[in-house]
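Subject: Structure for you to look at

Hello,

I am passing on the structure we talked about. Please open it and keep it beside these notes.

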Amino acid sequence: MTALLSTFTLTALPPHAAAFREQVREFLAAHLPALPAEIRARSWMGFDAGFSRALAARGWVGITLAPRHGGAGLDPFSRFVLVEELLAAGAPVSAHWIADRQSGPLIERYGSAAQQARYLPAICRGDAFFCIGMSEPDAGSDLASVGTRATPAAGGGWRLNGRKIWTTNADRCHYMIALVRTSGQAGDRQQGLSQVIVDLAAPGVTVRPIRDLAGDAHFSEVAFDDVELDAEALLGQEGSGWAQVNAELAFERSGPERLYSSVVLLDGWIDALRRRPSPHGVETVGRLMGQLTVLRAMSIAVTARLANGESPLVEAAVVKDLGTAFEQSIPALVEGALGDDPALADDASLYRTLAYVTQIAPSYSLRGGTREILRGMIARGLGLR
(Lines give C-alpha, C1' and ligand atoms only; values in the text may rest on other atoms or scores of the structure.)
Protein backbone atom coordinates (compact mmCIF):
# COMPACT_ATOMS: atom_id res chain seq x y z
CA MET A 1 0.00 0.00 0.00
CA THR A 2 2.88 2.35 0.79
CA ALA A 3 4.25 1.90 -2.73
CA LEU A 4 0.87 2.77 -4.25
CA LEU A 5 0.32 5.81 -2.05
CA SER A 6 3.78 7.11 -2.93
CA THR A 7 2.58 7.57 -6.51
CA PHE A 8 0.15 10.27 -5.28
CA THR A 9 2.76 13.00 -5.24
CA LEU A 10 1.40 16.23 -3.82
CA THR A 11 1.11 18.52 -6.83
CA ALA A 12 -0.03 22.12 -6.96
CA LEU A 13 -2.03 23.37 -9.90
CA PRO A 14 0.36 25.43 -12.04
CA PRO A 15 -0.10 29.23 -12.21
CA HIS A 16 -1.59 29.13 -15.70
CA ALA A 17 -4.42 26.95 -14.37
CA ALA A 18 -5.35 29.58 -11.78
CA ALA A 19 -5.48 32.23 -14.50
CA PHE A 20 -7.59 29.93 -16.65
CA ARG A 21 -10.07 29.48 -13.79
CA GLU A 22 -11.02 33.16 -13.99
CA GLN A 23 -11.73 32.82 -17.71
CA VAL A 24 -14.04 29.85 -17.05
CA ARG A 25 -15.93 31.73 -14.35
CA GLU A 26 -16.43 34.69 -16.67
CA PHE A 27 -17.78 32.36 -19.35
CA LEU A 28 -20.21 30.73 -16.92
CA ALA A 29 -21.43 34.10 -15.69
CA ALA A 30 -22.27 35.01 -19.29
CA HIS A 31 -23.62 31.70 -20.62
CA LEU A 32 -25.03 29.59 -17.80
CA PRO A 33 -28.75 30.26 -17.38
CA ALA A 34 -30.19 30.73 -13.90
CA LEU A 35 -31.37 27.26 -12.92
CA PRO A 36 -32.82 25.98 -9.64
CA ALA A 37 -30.53 23.82 -7.50
CA GLU A 38 -32.47 20.63 -8.17
CA ILE A 39 -31.75 21.07 -11.92
CA ARG A 40 -28.12 22.09 -11.44
CA ALA A 41 -27.64 18.97 -9.29
CA ARG A 42 -27.98 16.94 -12.51
CA SER A 43 -24.91 18.70 -13.99
CA TRP A 44 -22.91 15.99 -15.73
CA MET A 45 -26.17 14.17 -16.47
CA GLY A 46 -27.72 17.38 -17.79
CA PHE A 47 -27.95 17.38 -21.60
CA ASP A 48 -27.94 20.80 -23.28
CA ALA A 49 -26.47 20.73 -26.78
CA GLY A 50 -26.68 24.52 -27.06
CA PHE A 51 -24.59 25.05 -23.94
CA SER A 52 -22.05 22.46 -25.13
CA ARG A 53 -21.72 24.20 -28.49
CA ALA A 54 -21.24 27.56 -26.79
CA LEU A 55 -18.45 25.96 -24.77
CA ALA A 56 -17.04 24.51 -28.01
CA ALA A 57 -17.11 27.93 -29.66
CA ARG A 58 -14.92 29.14 -26.82
CA GLY A 59 -12.47 26.33 -27.63
CA TRP A 60 -13.17 24.27 -24.52
CA VAL A 61 -14.59 21.06 -25.96
CA GLY A 62 -11.70 18.85 -26.96
CA ILE A 63 -9.68 21.13 -24.74
CA THR A 64 -6.64 18.84 -24.56
CA LEU A 65 -6.69 17.85 -28.25
CA ALA A 66 -4.04 19.21 -30.58
CA PRO A 67 -4.82 22.44 -32.50
CA ARG A 68 -4.30 20.61 -35.80
CA HIS A 69 -7.38 18.55 -34.86
CA GLY A 70 -9.42 21.59 -33.83
CA GLY A 71 -8.59 21.34 -30.14
CA ALA A 72 -7.27 23.98 -27.78
CA GLY A 73 -4.03 22.11 -27.09
CA LEU A 74 -4.25 22.84 -23.36
CA ASP A 75 -2.86 20.51 -20.72
CA PRO A 76 -4.77 18.15 -18.35
CA PHE A 77 -4.42 20.72 -15.53
CA SER A 78 -6.49 23.19 -17.57
CA ARG A 79 -9.09 20.52 -18.19
CA PHE A 80 -9.17 19.77 -14.45
CA VAL A 81 -9.94 23.42 -13.71
CA LEU A 82 -12.58 23.58 -16.44
CA VAL A 83 -14.35 20.46 -15.19
CA GLU A 84 -14.14 21.58 -11.57
CA GLU A 85 -15.76 24.94 -12.36
CA LEU A 86 -18.45 23.44 -14.58
CA LEU A 87 -19.49 20.91 -11.93
CA ALA A 88 -19.31 23.40 -9.08
CA ALA A 89 -21.69 25.65 -11.02
CA GLY A 90 -23.98 22.75 -11.93
CA ALA A 91 -23.56 23.35 -15.66
CA PRO A 92 -25.28 20.88 -18.05
CA VAL A 93 -22.26 19.16 -19.61
CA SER A 94 -23.59 15.74 -20.57
CA ALA A 95 -23.87 16.35 -24.31
CA HIS A 96 -20.14 16.77 -24.95
CA TRP A 97 -18.84 15.06 -21.81
CA ILE A 98 -17.77 11.64 -23.13
CA ALA A 99 -16.37 12.96 -26.40
CA ASP A 100 -14.25 15.55 -24.61
CA ARG A 101 -13.11 13.36 -21.72
CA GLN A 102 -12.26 10.09 -23.42
CA SER A 103 -13.50 9.46 -26.97
CA GLY A 104 -11.54 12.36 -28.47
CA PRO A 105 -8.27 11.55 -26.65
CA LEU A 106 -8.73 7.88 -27.52
CA ILE A 107 -9.15 8.63 -31.24
CA GLU A 108 -6.22 11.04 -31.13
CA ARG A 109 -4.00 8.35 -29.57
CA TYR A 110 -5.10 5.27 -31.50
CA GLY A 111 -7.10 6.43 -34.50
CA SER A 112 -6.00 6.52 -38.11
CA ALA A 113 -5.34 9.82 -39.86
CA ALA A 114 -8.72 9.45 -41.60
CA GLN A 115 -10.52 8.85 -38.28
CA GLN A 116 -8.82 11.82 -36.69
CA ALA A 117 -9.78 14.06 -39.60
CA ARG A 118 -13.36 12.83 -39.58
CA TYR A 119 -14.21 12.88 -35.87
CA LEU A 120 -11.91 15.20 -33.93
CA PRO A 121 -12.81 18.55 -35.55
CA ALA A 122 -16.51 17.65 -35.21
CA ILE A 123 -16.01 16.87 -31.52
CA CYS A 124 -14.26 20.20 -30.99
CA ARG A 125 -17.11 22.08 -32.72
CA GLY A 126 -19.69 20.35 -30.53
CA ASP A 127 -21.16 18.63 -33.58
CA ALA A 128 -20.30 15.02 -32.64
CA PHE A 129 -21.44 13.55 -29.33
CA PHE A 130 -20.15 10.13 -28.26
CA CYS A 131 -21.26 7.43 -25.83
CA ILE A 132 -19.45 4.41 -24.38
CA GLY A 133 -20.27 0.82 -25.41
CA MET A 134 -18.77 -1.29 -22.64
CA SER A 135 -21.31 -2.91 -20.28
CA GLU A 136 -23.57 -5.69 -21.54
CA PRO A 137 -26.67 -7.40 -20.09
CA ASP A 138 -24.74 -10.59 -19.25
CA ALA A 139 -21.35 -9.04 -18.47
CA GLY A 140 -21.87 -5.86 -16.44
CA SER A 141 -18.56 -4.45 -15.24
CA ASP A 142 -16.69 -7.62 -16.19
CA LEU A 143 -15.53 -6.19 -19.50
CA ALA A 144 -13.51 -9.25 -20.41
CA SER A 145 -16.81 -11.17 -20.69
CA VAL A 146 -18.30 -9.04 -23.47
CA GLY A 147 -19.99 -11.09 -26.16
CA THR A 148 -20.94 -8.43 -28.74
CA ARG A 149 -19.10 -9.51 -31.87
CA ALA A 150 -17.85 -7.85 -35.04
CA THR A 151 -17.11 -10.42 -37.75
CA PRO A 152 -15.34 -9.71 -41.04
CA ALA A 153 -17.83 -9.02 -43.84
CA ALA A 154 -17.46 -10.63 -47.24
CA GLY A 155 -16.99 -7.35 -49.08
CA GLY A 156 -14.68 -5.86 -46.46
CA GLY A 157 -15.52 -4.14 -43.22
CA TRP A 158 -17.41 -5.72 -40.34
CA ARG A 159 -20.82 -7.05 -39.36
CA LEU A 160 -21.82 -6.18 -35.79
CA ASN A 161 -24.21 -8.16 -33.57
CA GLY A 162 -24.90 -7.96 -29.85
CA ARG A 163 -26.15 -5.73 -27.05
CA LYS A 164 -24.85 -2.96 -24.82
CA ILE A 165 -26.60 -1.61 -21.72
CA TRP A 166 -26.44 1.33 -19.30
CA THR A 167 -25.17 3.43 -22.18
CA THR A 168 -25.48 7.07 -21.16
CA ASN A 169 -27.21 9.32 -23.72
CA ALA A 170 -27.15 6.72 -26.49
CA ASP A 171 -30.51 8.06 -27.66
CA ARG A 172 -29.00 11.56 -28.11
CA CYS A 173 -25.48 10.79 -29.28
CA HIS A 174 -24.15 10.43 -32.80
CA TYR A 175 -21.51 7.75 -32.24
CA MET A 176 -20.48 4.97 -29.88
CA ILE A 177 -17.03 3.54 -29.31
CA ALA A 178 -17.84 -0.10 -28.52
CA LEU A 179 -15.69 -2.84 -27.06
CA VAL A 180 -16.40 -5.99 -29.11
CA ARG A 181 -14.99 -9.38 -29.97
CA THR A 182 -13.36 -9.63 -33.36
CA SER A 183 -11.65 -13.03 -32.93
CA GLY A 184 -11.57 -16.03 -30.61
CA GLN A 185 -14.32 -17.30 -28.34
CA ALA A 186 -16.12 -15.53 -25.53
CA GLY A 187 -14.09 -17.62 -23.08
CA ASP A 188 -10.84 -16.09 -24.32
CA ARG A 189 -11.44 -13.21 -21.92
CA GLN A 190 -8.99 -10.41 -22.69
CA GLN A 191 -7.86 -11.83 -26.04
CA GLY A 192 -9.56 -11.04 -29.33
CA LEU A 193 -11.13 -7.76 -28.16
CA SER A 194 -11.21 -4.65 -30.33
CA GLN A 195 -12.87 -1.23 -30.36
CA VAL A 196 -15.10 -0.04 -33.17
CA ILE A 197 -16.74 3.32 -33.88
CA VAL A 198 -20.46 2.86 -34.54
CA ASP A 199 -22.73 5.40 -36.22
CA LEU A 200 -25.86 5.16 -34.06
CA ALA A 201 -28.04 6.18 -37.00
CA ALA A 202 -26.92 3.14 -39.01
CA PRO A 203 -29.49 0.50 -40.06
CA GLY A 204 -29.73 -2.31 -37.52
CA VAL A 205 -29.00 -0.11 -34.47
CA THR A 206 -31.88 0.08 -31.98
CA VAL A 207 -31.70 2.32 -28.91
CA ARG A 208 -34.13 1.77 -26.02
CA PRO A 209 -34.00 4.39 -23.23
CA ILE A 210 -34.18 3.14 -19.62
CA ARG A 211 -36.04 5.33 -17.13
CA ASP A 212 -34.38 5.53 -13.73
CA LEU A 213 -35.75 5.98 -10.21
CA ALA A 214 -35.45 9.78 -10.47
CA GLY A 215 -37.71 9.79 -13.56
CA ASP A 216 -34.89 10.56 -16.01
CA ALA A 217 -33.87 8.45 -19.00
CA HIS A 218 -30.11 8.94 -19.21
CA PHE A 219 -29.34 5.28 -19.78
CA SER A 220 -30.21 3.09 -22.74
CA GLU A 221 -29.93 -0.45 -24.01
CA VAL A 222 -28.47 -0.56 -27.52
CA ALA A 223 -29.03 -3.52 -29.86
CA PHE A 224 -26.92 -4.30 -32.94
CA ASP A 225 -28.55 -6.58 -35.48
CA ASP A 226 -26.35 -7.22 -38.52
CA VAL A 227 -25.03 -3.66 -38.47
CA GLU A 228 -22.67 -3.08 -41.37
CA LEU A 229 -19.45 -1.25 -40.48
CA ASP A 230 -16.82 -0.19 -43.00
CA ALA A 231 -13.17 -1.13 -42.50
CA GLU A 232 -12.46 2.34 -41.11
CA ALA A 233 -14.74 1.63 -38.12
CA LEU A 234 -11.97 -0.35 -36.40
CA LEU A 235 -10.22 1.90 -33.88
CA GLY A 236 -6.55 1.06 -33.39
CA GLN A 237 -5.27 -2.45 -33.94
CA GLU A 238 -7.48 -5.52 -34.07
CA GLY A 239 -7.08 -7.44 -30.83
CA SER A 240 -5.76 -4.42 -28.92
CA GLY A 241 -9.13 -3.47 -27.46
CA TRP A 242 -8.30 -4.51 -23.91
CA ALA A 243 -5.23 -2.25 -23.68
CA GLN A 244 -7.09 0.60 -25.38
CA VAL A 245 -10.15 0.39 -23.16
CA ASN A 246 -7.95 0.43 -20.06
CA ALA A 247 -6.28 3.61 -21.31
CA GLU A 248 -9.77 5.04 -21.86
CA LEU A 249 -10.84 4.12 -18.34
CA ALA A 250 -7.86 5.98 -16.90
CA PHE A 251 -9.29 9.13 -18.51
CA GLU A 252 -12.80 8.30 -17.25
CA ARG A 253 -11.95 7.57 -13.63
CA SER A 254 -9.34 10.19 -12.83
CA GLY A 255 -11.08 13.56 -13.00
CA PRO A 256 -12.92 15.74 -10.49
CA GLU A 257 -16.28 14.42 -11.73
CA ARG A 258 -15.65 11.52 -9.32
CA LEU A 259 -15.71 13.96 -6.40
CA TYR A 260 -18.37 16.56 -7.21
CA SER A 261 -21.53 14.67 -8.16
CA SER A 262 -23.23 15.85 -4.93
CA VAL A 263 -21.57 19.26 -4.75
CA VAL A 264 -24.70 21.32 -5.53
CA LEU A 265 -26.49 19.64 -2.63
CA LEU A 266 -23.49 20.24 -0.38
CA ASP A 267 -23.41 23.92 -1.35
CA GLY A 268 -27.13 24.23 -0.65
CA TRP A 269 -26.69 22.73 2.78
CA ILE A 270 -23.77 25.05 3.58
CA ASP A 271 -25.92 28.02 2.54
CA ALA A 272 -28.67 26.80 4.88
CA LEU A 273 -26.16 26.50 7.73
CA ARG A 274 -25.05 30.06 7.12
CA ARG A 275 -28.63 31.19 7.69
CA ARG A 276 -29.25 28.87 10.66
CA PRO A 277 -25.91 27.76 12.18
CA SER A 278 -25.88 24.32 13.76
CA PRO A 279 -22.80 23.12 15.70
CA HIS A 280 -23.37 19.53 14.60
CA GLY A 281 -23.91 20.59 10.98
CA VAL A 282 -20.80 22.78 10.92
CA GLU A 283 -18.74 19.94 12.39
CA THR A 284 -20.02 17.53 9.74
CA VAL A 285 -19.27 19.99 6.94
CA GLY A 286 -15.75 20.39 8.34
CA ARG A 287 -15.17 16.64 8.13
CA LEU A 288 -16.49 16.57 4.57
CA MET A 289 -14.24 19.44 3.56
CA GLY A 290 -11.27 17.60 5.02
CA GLN A 291 -12.10 14.52 2.95
CA LEU A 292 -12.68 16.57 -0.18
CA THR A 293 -9.35 18.38 0.22
CA VAL A 294 -7.47 15.08 0.34
CA LEU A 295 -9.41 13.54 -2.55
CA ARG A 296 -8.92 16.63 -4.68
CA ALA A 297 -5.17 16.49 -4.02
CA MET A 298 -5.14 12.83 -5.08
CA SER A 299 -7.09 13.67 -8.26
CA ILE A 300 -4.63 16.45 -9.12
CA ALA A 301 -1.76 13.98 -8.56
CA VAL A 302 -3.37 11.63 -11.11
CA THR A 303 -3.82 14.58 -13.47
CA ALA A 304 -0.09 15.26 -13.18
CA ARG A 305 0.58 11.67 -14.25
CA LEU A 306 -1.69 12.14 -17.27
CA ALA A 307 0.13 15.39 -18.09
CA ASN A 308 3.35 13.36 -18.18
CA GLY A 309 1.86 11.01 -20.76
CA GLU A 310 1.32 8.15 -18.31
CA SER A 311 -1.76 5.93 -17.91
CA PRO A 312 -2.29 5.72 -14.11
CA LEU A 313 -5.04 3.10 -14.20
CA VAL A 314 -4.68 1.79 -10.64
CA GLU A 315 -4.29 5.27 -9.13
CA ALA A 316 -7.37 6.45 -11.01
CA ALA A 317 -9.28 3.44 -9.64
CA VAL A 318 -8.31 4.44 -6.09
CA VAL A 319 -9.53 8.01 -6.62
CA LYS A 320 -12.75 6.80 -8.19
CA ASP A 321 -13.49 4.30 -5.41
CA LEU A 322 -12.80 6.75 -2.58
CA GLY A 323 -14.43 9.64 -4.44
CA THR A 324 -17.72 7.89 -5.09
CA ALA A 325 -17.89 6.76 -1.44
CA PHE A 326 -17.48 10.43 -0.46
CA GLU A 327 -20.15 11.56 -2.94
CA GLN A 328 -22.59 8.92 -1.73
CA SER A 329 -22.14 9.89 1.92
CA ILE A 330 -23.32 13.47 1.39
CA PRO A 331 -27.09 12.95 0.88
CA ALA A 332 -27.35 10.67 3.94
CA LEU A 333 -25.49 13.18 6.09
CA VAL A 334 -27.64 16.07 4.83
CA GLU A 335 -30.83 14.09 5.39
CA GLY A 336 -29.79 13.32 8.98
CA ALA A 337 -28.91 16.94 9.63
CA LEU A 338 -32.23 18.20 8.28
CA GLY A 339 -34.06 15.68 10.43
CA ASP A 340 -32.30 17.06 13.48
CA ASP A 341 -33.12 20.67 12.59
CA PRO A 342 -36.84 21.23 11.88
CA ALA A 343 -36.15 24.93 11.35
CA LEU A 344 -34.80 24.09 7.90
CA ALA A 345 -38.06 22.47 6.81
CA ASP A 346 -39.11 25.60 4.88
CA ASP A 347 -36.16 25.30 2.44
CA ALA A 348 -38.11 23.59 -0.33
CA SER A 349 -35.32 23.86 -2.92
CA LEU A 350 -32.87 22.12 -0.59
CA TYR A 351 -35.34 19.29 -0.01
CA ARG A 352 -35.98 18.86 -3.75
CA THR A 353 -32.24 18.75 -4.40
CA LEU A 354 -31.79 16.23 -1.61
CA ALA A 355 -34.58 14.06 -3.04
CA TYR A 356 -32.92 13.91 -6.46
CA VAL A 357 -29.38 13.27 -5.18
CA THR A 358 -30.62 10.58 -2.78
CA GLN A 359 -32.29 8.76 -5.67
CA ILE A 360 -29.35 8.97 -8.07
CA ALA A 361 -26.45 8.52 -5.60
CA PRO A 362 -26.49 4.68 -5.68
CA SER A 363 -25.42 4.88 -9.34
CA TYR A 364 -22.21 6.72 -8.45
CA SER A 365 -20.46 3.48 -7.54
CA LEU A 366 -21.73 1.73 -10.69
CA ARG A 367 -20.78 4.12 -13.48
CA GLY A 368 -17.17 3.89 -14.58
CA GLY A 369 -16.78 0.45 -12.98
CA THR A 370 -18.35 -1.03 -9.86
CA ARG A 371 -16.68 -0.78 -6.50
CA GLU A 372 -15.96 -4.52 -6.52
CA ILE A 373 -14.23 -4.38 -9.92
CA LEU A 374 -12.16 -1.36 -8.89
CA ARG A 375 -11.02 -2.98 -5.68
CA GLY A 376 -9.99 -6.07 -7.60
CA MET A 377 -7.87 -3.85 -9.86
CA ILE A 378 -6.33 -2.14 -6.85
CA ALA A 379 -5.55 -5.49 -5.23
CA ARG A 380 -3.79 -6.64 -8.41
CA GLY A 381 -1.87 -3.36 -8.49
CA LEU A 382 -0.68 -4.09 -4.94
CA GLY A 383 0.28 -7.64 -5.88
CA LEU A 384 -2.38 -9.14 -3.60
CA ARG A 385 -4.11 -11.23 -6.28
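Four residues of helix α9, namely Leu266, Trp269, Ile270 and Leu273, meet Gly281, Val282, Thr284, Val285, Leu288 and Met289 of α10. By class, this contact of α9 with α10 holds eight nonpolar residues, two polar ones and no charged ones. Helix α9 covers residues 263-275, and its axis runs 11 Å from that of α10, at an angle of about 145°. The crossing of α9 and α10 is left-handed. Please bear in mind throughout that this is a predicted model.

Helix α10 itself spans residues 279-307, and Ile300 is part of that helix. With a relative accessibility of 4%, Ile300 counts as buried, since the cut-off for buried is under 20%. What does Ile300 touch, leaving aside its neighbours within four places in sequence? Its contacts are Thr11, Leu13, Phe77 and Phe80. Ile378 is 78 residues from Ile300 in sequence, and the C-alpha atoms of the two are 19 Å apart in space.

The other helix pair I looked at is α2 with α4. Two packed helices are described by the angle between their axes and the distance between the axes. For α2 (residues 15-31) and α4 (residues 49-57) the angle is about 140° and the axes lie 12 Å apart. This makes α2 oblique to α4, because only angles over 145 degrees count as roughly antiparallel. The crossing of α2 and α4 is right-handed. On the α2 side the residues that meet the partner helix are Phe27, Leu28 and His31, and on the α4 side they are Phe51, Ala54 and Leu55. Sorted by class, five residues of this contact are nonpolar, one is polar and none is charged.

Two of the residues just named turn up again in the aromatic part: Phe27 and Phe51 belong to one aromatic cluster with Phe20 and Trp60.

Now the aromatic pairs. A pair of aromatic rings is described by the distance of the centres and the angle of the planes. The count of aromatic pairs comes to eight. One pair is Phe47 with Phe129, which is edge-to-face, with 5.8 Å from centre to centre and 90° between the planes. Which parts of the chain does this pair tie together? Phe47 sits in the loop between α3 (37-40) and α4, while Phe129 sits in the loop between α7 (113-125) and β1 (130-133), so the pair links parts that are 82 residues apart in sequence. Phe47 is partly exposed at a relative accessible area of 23%, whereas Phe129 is buried at 2% relative accessibility.

A further edge-to-face pair is made by Trp166 and Phe219, whose ring centres are 6.0 Å apart and whose planes stand at 85°. Trp166 comes from the loop between β3 (158-164) and β4 (175-181) and Phe219 from strand β7 (residues 219-229), so this pair ties together parts that are 53 residues apart in sequence. Phe219 counts as buried, with 13% relative accessibility.

The same two regions, the β3-β4 loop and strand β7, each hold a residue whose backbone deserves a look. Most residues other than glycine have a negative phi, and most peptide bonds are trans. Asn169 is not a glycine, yet its phi is positive, at about 60°. Asn169 lies in the loop between β3 and β4 and is buried, with a relative accessible area of 3%. Asp226 is not a glycine either, and its phi is also positive, at about 55°. Asp226 lies in strand β7. Is Asp226 buried or partly exposed? Asp226 is partly exposed, with a relative accessible area of 43%.

One last residue is Ala361, in the loop between α12 (348-360) and α13 (371-381). Ala361 is buried, at 5% relative accessible area. Leaving aside neighbours within four places in sequence, Ala361 is in contact with Gln328 and Pro331. Thr324 is 37 residues from Ala361 in sequence, and the distance in space is 8.8 Å, C-alpha to C-alpha.

Regards

Technical notes: Residues numbered from 1 in each chain as written. Predicted model: local features only at pLDDT ≥ 70, side-chain atom pairs only at ≥ 80, totals over all residues. Heavy atoms only, no water. Axes fitted to C-alpha atoms, helices over the stretch in contact; angles between N-to-C directions. Parallel < 35°, antiparallel > 145°, perpendicular 65-115°, else oblique. Left-handed = near helix turned anticlockwise from the far one by under 90°. Contact = heavy atoms within 4.5 Å. Nonpolar A, V, L, I, M, F, W, Y, C, P; charged D, E, K, R; others polar. Phe/Tyr/Trp six-rings, centres within 6.5 Å; stacked < 30°, edge-to-face > 60°. Buried < 20%, exposed > 50% of the residue type's maximum accessible area, 1.4 Å probe, protein only.
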